Amino acid sequence: MISRAETEVYSKLFHIAKDNMESAGREMAPAEESFLITVGIAPDTADLLRLHDLDKRAYVQAAYAALLRRFPEDRARTVWESKERMSDEKYRRFLLTTLVRSGEYTGKGIQLYNNYYPGIPGVSYLRKIYSKMPTKVKKLIKKILR
Amino acid sequence: MQRIYIDVTNVLQTDYVTGIQRVVRSVIREMMERIPDRLELLVLTPQLNSFRLLDKKLFMEYIQGECAEKQRVYSGKVIFPSEIRAGDIFFDLDSVWNLPYKRSALLPELKGAGVRLAVYIYDVIPITNPQFCHVDTLFNFLDYLGAYLQYADVLIASAQSTLDEINKLIEKLGLNPIPGYVSWLGSDFRETPEEDLTNIPQEVREAASDKYVLCIGTIEPRKNHKLLLDAFDRALFAKGIRLIFAGKLGWNVEELEKRIRDHKYLGKQFFHFTGLGDDSVDYLYRHAYMVAFPTYNEGFGLPIVEALERGVPVLTSRKPVLQEIGKDYCDYFDPDDPQEFVDRMEYYLGHPEAYEKVREHIREFQPFTWKETAERIVEALNTITNRQYTPKQELRQMVILSARPEALRDTLPFVDAFMPFIEEVVICCPDSMTGAMEQCYHGRMKLTTLTDGQLLNGRPLPKDHEQRNFLLRCLAMRSDALDDVFVMSDDDYRPLGAIAKSQFVTERNYRAYYFYRIDRWKGTTGSMTSYDHGMFRTRDFLKAHHYPCKQYSSHMPQVIDRQLYCEMLDKHPGMEEQGLCEWSTYFNYVQYSYPDLLSAEPYVTLGWPGSGTDWSMEVQPQNMLFENYYESLYEPGGIFEGFSGTYYEGIEVENQQKVAKARAEQRRYQIWQEQFEHYRKKYAVEHGELPPFVIRCEKGQVYLTLPRTVDIPLDGFVRVPFAVYNPESADLRVNYRYVDEMEHAIMEGTAITVDKTDQNFELPIFGMRGSRSGKYKLIIEVRCADQQYEGGLTAFCV
């Protein structure tokens, strides 16, 4: 757990870099809170409760950082921005489900922790259900996902 | 021997050799020549929270190309950060910022174990010039640098100008200065016969067949290749000068890539090579008319060194770090001014004698070798010396703080019988109790009293238990009544059998006993005590000073060196008023200041905790030599019911029976804990997540998230970890009950109050003791402002 004093140091460092970025005429894409969420993060778990306070844009960045250990690329950011009209909970559920289902997440070996959105089952659970489905349904799912 | 641990995960995880990995390989090779026994090489495990130790010999063979199989380099040993010995050094040399074990998480863990931290910093470009970095690199680097600037014991920079920039950052951040050293990067240069052209591709030889400007390095915005293309298009082409880029295309250069690809003289007067071997790069350097390095910022500027050591003139940006490396051997220009570059080129082309004079001067250039780099690094690491101190052997005194003559009366006979080396007991007590204390014992040991009044000398006595105890103990340290070395104890810490002096002090060190990590201490479930708050203050004190974080209030006698205690008090004026833990502050201070002096060992106390439900045991006592006496344990229903609470001759036999009982109970707790861990792991495999026990309290409403199932031992209990989101600091009380099919309670737990600041707590949940094993419906209740919220799950009680 990172103390308040430690968080302040990371925050100040973020602002120094941000000022330098702006002096160079560029914008610092991820928000400060998205960065601070990742500070002190356990190497093997993604604690979703830590992300709870964030607004939609910061949530996207923080969820990527927590689950995939990277920030969203421009294209992904645009996609998520286009869905911002969804209700807060629906939006978060959709985002988390998408990330958890990705091969990139599976390969990271990171466990979801404090997931307060039941109904976002993890990859293994989905696979288990999927493997029991009839071939026809499997094909249909594949078609939809495509 | 002070070991040096280096994380080489990147070296083994990637198959290509980047600039930094070349440095890592070269430095480790040289360090292995000098300090082979002290080096330990680490690679992150797939579980991401620990390290695999490498077989150093096989690793060296691997990086020298003598062992092709990576998998062979592992020694088979795994080490957790907290297992690295206090006083040893963890040294980051590689580009570790992109690794999953972020330094913001790892360094506090290491520091908490008393490990010293050192880092080699190549540059701070992501901070000073973030526009040139990919967002992930930028944020990973912020994490890495932020952690090291707070925790490092030593910084080593690749250049003085980089160290200056780091020091400026430290000042801006308001942090304490860190001892800093400079060790330039070495060079791989070796004489090769120029006639051997067999490894040089024809197109490289053709490109180099006329006068050319060479730029080596990955093509990325920071390297400013654009300036050279502008200069080429503007003037160099007209003067018959060729331009050669050698380096792969990097990040964020789409526009420049198009310009290169579409350039009308590409392959004629302008060339771009990628993936060249060392021989080709060497060939291009040797035949260049000029090496250009128009970069906006660098950590070192290796191409400058590589060109100069081959006697080739260099035109590079006017930047402090490049001027530091290139000195007067290079010529400089403004990286934003292509015309200045053109002017300098035209000057040399028009003045061949000046050009030759530069070449002549460059012959005096002496590159830094990897041997020198490694030597300077080792010198810097050697400044982290562990202070030496000889433990005092004259242990004859016990010092006890007490206001309970009756407790002392019952405890001292145990000390008298089982600790024969104790000749004197000093009792620190309230003035009014002096007489009672003196009357409570009449044995072989001398009894001396030291009153609160004598210690306080007019200062007020704090009301809080922890604050009072700490102040009195600190004041007692200054009293001449105390020996230079003594056993500090309490009026209810009893030896269970014969105790040797060597339990406290050996010829080489003092032995200190811990039972927890104080930075993980959550307090006694459901009711925070003065002790808990003292622990939290102590944690903050230790972390603020970057001391280790073991929890030494193990409720057993421990040895104190008065000189060292006073040294700590002198170093932190006013700390005696802060209500800290008298054990944890001292032992962590000593472990930090004199790592070789202290042997930190798991505690040996019976009766700590008093009840298995009080907290999760982090350390299990393997041996029980002392008892923390709780009267309640001897009452009917208590674990020691029927045993004697007072000393009699031959009580050792009974004490052994108590230890056996406690061990059996401890083992049962351990099994229950292991069962719960097994459930968590099984759940994670089945559901892809750890079981969620989450309470969110928002806008007066409580939201409870629970897993569908939980495993609880039928006759035992588990401590279920809950996460709490409670930004409005609502009053929360949590309880549980088992219900039957009609929803009638068949067993109820004991409600606990959640501290308003708590983000995590543990709820002890008992199984359906006395019932048949099977499935039960378990209800978790949360009470908040007269409202009750409930959630149900299936409990498998087996």
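Begin by selecting β5 (89-92), α4 (103-112) and β6 (116-121) of chain B. In this predicted model, β5(B), α4(B) and β6(B) form a right-handed β-α-β unit. The two strands of the unit, β5(B) and β6(B), run parallel and are paired over 4 bridges. To find one point of this pairing, display B:Ile89, which stands opposite B:Arg116 in β6(B).

Remain on β6(B) and show its side chains. Of its 6 residues, 6 are buried, and the strand is thus described as mostly covered. B:Arg116, B:Ala118 and B:Tyr120 point one way, while B:Leu117, B:Val119 and B:Ile121 point the other way. Such alternation between the two faces of the sheet is what a regular strand shows in general.

Next, add β7 (residues 154-157) of chain B. Strands β6(B) and β7(B) run parallel and are joined by 4 bridges. Two residues of β6(B) serve as landmarks here: B:Tyr120 has B:Ile156 as its bridge partner in β7(B), and B:Ile121 stands opposite B:Ala157 in β7(B).

Now widen the selection to the whole sheet. The sheet is open, has 8 strands and mixed pairing, and follows the order β4-β3-β2-β1-β5-β6-β7-β8 in chain B. At its edges lie β4 (74-79) and β8 (180-182) of chain B, each of which pairs on one side only. On average, neighbouring strands of this sheet are turned by 30° against each other, direction ignored. Select helix α16 (residues 370-382) of chain B as well: this helix packs on the sheet and touches β1 (4-7), β5, β6, β7 and β8 of chain B. The direction of α16(B) makes about 165° with that of β7(B).

For the next view, colour chain B by domain. The divisions are domain 1 (4-182), domain 2 (202-367), domain 3 (397-634) and domain 4 (694-797). The C-alpha centres of domain 1 and domain 3 of chain B are 38 Å apart. These two domains are in contact through 7 residues from domain 1 of chain B and 10 residues from domain 3 of chain B. The domain 1 side of that contact comprises 3 nonpolar, 3 polar and 1 charged residues.

Then move to the second sheet of the tour. This open sheet of 5 strands in chain B has the order β17-β16-β15-β18-β23, with mixed pairing. Which strands stand at its edges? They are β17 (446-451) and β23 (558-561) of chain B; each has a single partner strand, so one side of each is left without a neighbour in the sheet. Neighbouring strands are turned here by 30° against each other on average, direction ignored. Select β16 (residues 424-429) of chain B to follow its parallel pairing with β17(B), which extends over 6 bridges. Within this pair, B:Cys429 has B:Thr451 in β17(B) as its bridge partner.

Finally, display chain A together with chain B. Their contact takes 41 residues from chain B and 43 residues from chain A. On chain B, the elements that each supply at least two residues include α4, already seen in the opening unit, α5 (125-128), α6 (135-151), α24 (651-687), β27 (694-698) and β30 (717-725). Which element gives the most to this side of chain B? Select α6(B), which contributes 9 residues and gives the most. By class, the side of chain B that touches chain A divides into 22 nonpolar, 11 polar and 8 charged residues.

Note on methods:
Residues are numbered from 1 along each chain as its sequence is written. Chains are lettered from A and ligands numbered from 1 in the order in which they are written. This is a predicted model: local features need pLDDT of at least 70, side-chain atom pairs count only at pLDDT 80 or more; totals for chains, interfaces and linings use all residues. Two strands pair if DSSP finds at least two bridges between them. Axes are lines fitted to C-alpha atoms, for helices over the stretch in contact, and angles run from 0 to 180 degrees between N-to-C directions. Ala, Val, Leu, Ile, Met, Phe, Trp, Tyr, Cys and Pro count as nonpolar, Asp, Glu, Lys and Arg as charged, and the others, Gly among them, as polar. A residue is buried if 20 or more other C-beta atoms lie within 10 Å of its own, exposed if 12 or fewer, and partly exposed in between; C-beta atoms are placed from the backbone. A crossover is right-handed if, with the strands pointing away from the viewer, the path from the first strand over the helix to the second runs clockwise. Domain bounds come from an automatic or database domain assignment.
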